[in-house]
Amino acid sequence: MNDKSPVSLTGYFTGQVWCENAYSEPEMGSVLGKSLYYIHRPVGWLNERLFGNNLETMLIQRHKLIDALTLEAIEQNPTLQILEIASGLSSRAQRILKQADDAGLNIRYVEADLPQMVNWKQARLGKLRFSHPEHSVEPINILRESGPLSLNAILDSHFDRNKPILVITEGLVNYFELSTIENFWRSLRGALATFKHGEYIFEIWPKLPVYQEQLTYHWGVSLIEMFTRQRVPLHYTSDESVAQGLKECGFSTVNVLNPNEVSQQYGLPKMQGECLFRVTRAIV
Ligand SMILES: C[S@@+](CC[C@H](N)C(=O)[O-])C[C@H]1O[C@@H](n2cnc3c(N)ncnc32)[C@H](O)[C@@H]1O
């Protein structure tokens with residue numbers, strides 16, 4: 001099995017979106033990310049004029065909402081340990097650790113991604129002189145069921161099973177076929193059940209009816225598929241079916257949020273058009 005993926009390219013793009021919107025220091029940007037960002041902008045602008053939504057706003061909604069739910073999870077479990085899988089070039093770890101430190105909490109935050117992305121990020125964090133005793137960036141491949149790059153290897157070596165744990169994925173789920181991601185969720189659920197408390201926060205893009213009504217949304221997905229040179233399957237067809245899918249993988253409580261509907265509560269940007277993704281919190 002290869003521990004590289006063309007999906008990592010999309011991490012440079014989202015990494016740049018975070019920089020451009022002051023969620024990350026410029027050091028987390030890249031020439032590739034910047035090129036992709038400026039190529040995508042006119043398309044986003046046109047889509048907003050025609051259909052009332054644009055990718056950048058959706059990405060900001062997703063990033064902000066996952067931050068907010070993470071902080072809520074910390075409030076509920078002040079000794080929480082966090083594993084963010086496929087963290088790419090996101091600076092969430094730094095933001096959350098800063099807020100936890102300011103609140104006098106001792107939170108462990110491990111970021112994980114494919115080895116190449118980990119090397120790149122470690123170099124960038126080095127440039128930023130960021131280091132924190134409870135933070136590290138580790139290699140993982142969610143497709144590996146055993147060995148040093150597996151989920152269990154990271155959980156065994158970096159986390160305390162007597163404490164609660166939160167796993168986050170952002171921008172990962174829809175790069176895999178449903179059967180593959182459900183297999184991962186079943187293993188994840190099994191692993192989380194060995195902790196004092198376990199939960200999982202992630203974003204997912206379901207196959208909503210709007211894809212049948214407006215062809216441009218289809219083309220949007222095809223563009224991402226062309227760029228990543230792989231299929232980007234949409235999973236489930238409604239909020240209810242997302243919740244049902246997670247329950248069938250063993251999670252007991254599943255809360256599926258439509259960012260447009262909770263924009264006021266969490267201070268998210270709101271779009272005129274339909275929000276195409278959901279943020280989900282699933283508890284073991
Ligand atoms: C769209 S990016 C999202 C990055 C980050 N979460 C963000 O929102 O900016 C997808 C990330 O998934 C990672 N990835 C792809 N396949 C993976 C796998 N099999 N295991 C772990 N990470 C993977 C890529 O390296 C990349 O960093």
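Is Glu177 buried, partly exposed or exposed? In this predicted model, Glu177 counts as partly exposed because its relative accessibility is 35%.

**View 1. Glu177 lies in a loop between a strand and a helix.** The loop that holds Glu177 runs between β4 (164–169) and α7 (178–192). Although Glu177 and Leu234 are 57 residues apart along the chain, their C-alpha atoms are separated by 8.6 Å.

**View 2. The ligand is surrounded by 21 residues.** Those that come nearest are Ser8, Trp18, Ala86, Asp113 and Glu170. Ser8 places a polar side-chain atom 2.7 Å from an oxygen atom of the ligand. An N or O atom in the side chain of Asn141 is 2.8 Å from a nitrogen atom of the ligand. Glu170 contributes a backbone N or O atom, which lies 2.8 Å from a nitrogen atom of the ligand. Of the 590 Å² of accessible area that the ligand has on its own, the protein covers 98%. The shell consists of ten nonpolar, eight polar and three charged residues. Helix α1 (residues 8–20) gives the most to this shell, namely five residues.

**View 3. Arg95 and Asp67 form a salt bridge.** Their closest N and O atoms are 2.7 Å apart. This pair links distant parts of the chain, since Arg95 belongs to helix α4 (residues 92–102) and Asp67 to helix α3, 28 residues apart. Arg95 is buried because its relative accessible area is 18%, and Asp67 also counts as buried, at 11% relative accessibility.

**View 4. Glu84 and Arg92 are joined by a salt bridge.** Here the closest N and O atoms are 3.0 Å apart. Glu84 counts as buried, with 1% relative accessibility, and Arg92 is buried with a relative accessible area of 0%.

**View 5. Arg62 in helix α3 (residues 55–76) makes a polar contact with Glu203.** The contact between the two side chains spans 3.0 Å. Arg62 is buried, as its relative accessible area is 6%.

**View 6. Helix α7 carries a salt bridge between Arg186 and Glu182.** The N to O distance is 3.9 Å. The two residues are four residues apart, about one turn of the helix. Arg186 is partly exposed, with a relative accessible area of 40%, whereas Glu182 is buried, at 16%. Elsewhere, salt bridges that share partners join Arg62, Asp67, Glu84, Arg92, Arg95, Glu170 and Glu203 into one network.

**View 7. Trp45, Leu46 and Leu50 make a nonpolar surface patch.** The patch has an area of about 350 Å². Trp45 is part of helix α2 (residues 31–51).

Notes. Residues are numbered from 1 along each chain as its sequence is written. This is a predicted model: local features need pLDDT of at least 70, side-chain atom pairs count only at pLDDT 80 or more; totals for chains, interfaces and linings use all residues. Side-chain values use heavy atoms; hydrogens and water are left out. Patches are made of residues with over 30% relative accessible area and no salt bridge: like charges are joined within 9 Å, nonpolar side chains (Val, Leu, Ile, Met, Phe, Trp, Tyr) within 5 Å. Accessible areas come from the Shrake-Rupley method with a 1.4 Å probe; for residues, only the protein chains shown count as cover. A salt bridge is a side-chain nitrogen of Lys or Arg within 4 Å of a carboxyl oxygen of Asp or Glu. A residue is near a molecule or strand if one of its heavy atoms lies within 4 Å of it. A polar contact is a pair of N or O atoms within 3.5 Å; within protein, one must be able to donate a hydrogen and the other to accept it, and residues adjacent in sequence count only if both atoms are side-chain atoms. Ala, Val, Leu, Ile, Met, Phe, Trp, Tyr, Cys and Pro count as nonpolar, Asp, Glu, Lys and Arg as charged, and the others, Gly among them, as polar. Buried means under 20% relative accessible area, exposed over 50%, partly exposed in between (1.4 Å probe, protein chains only).
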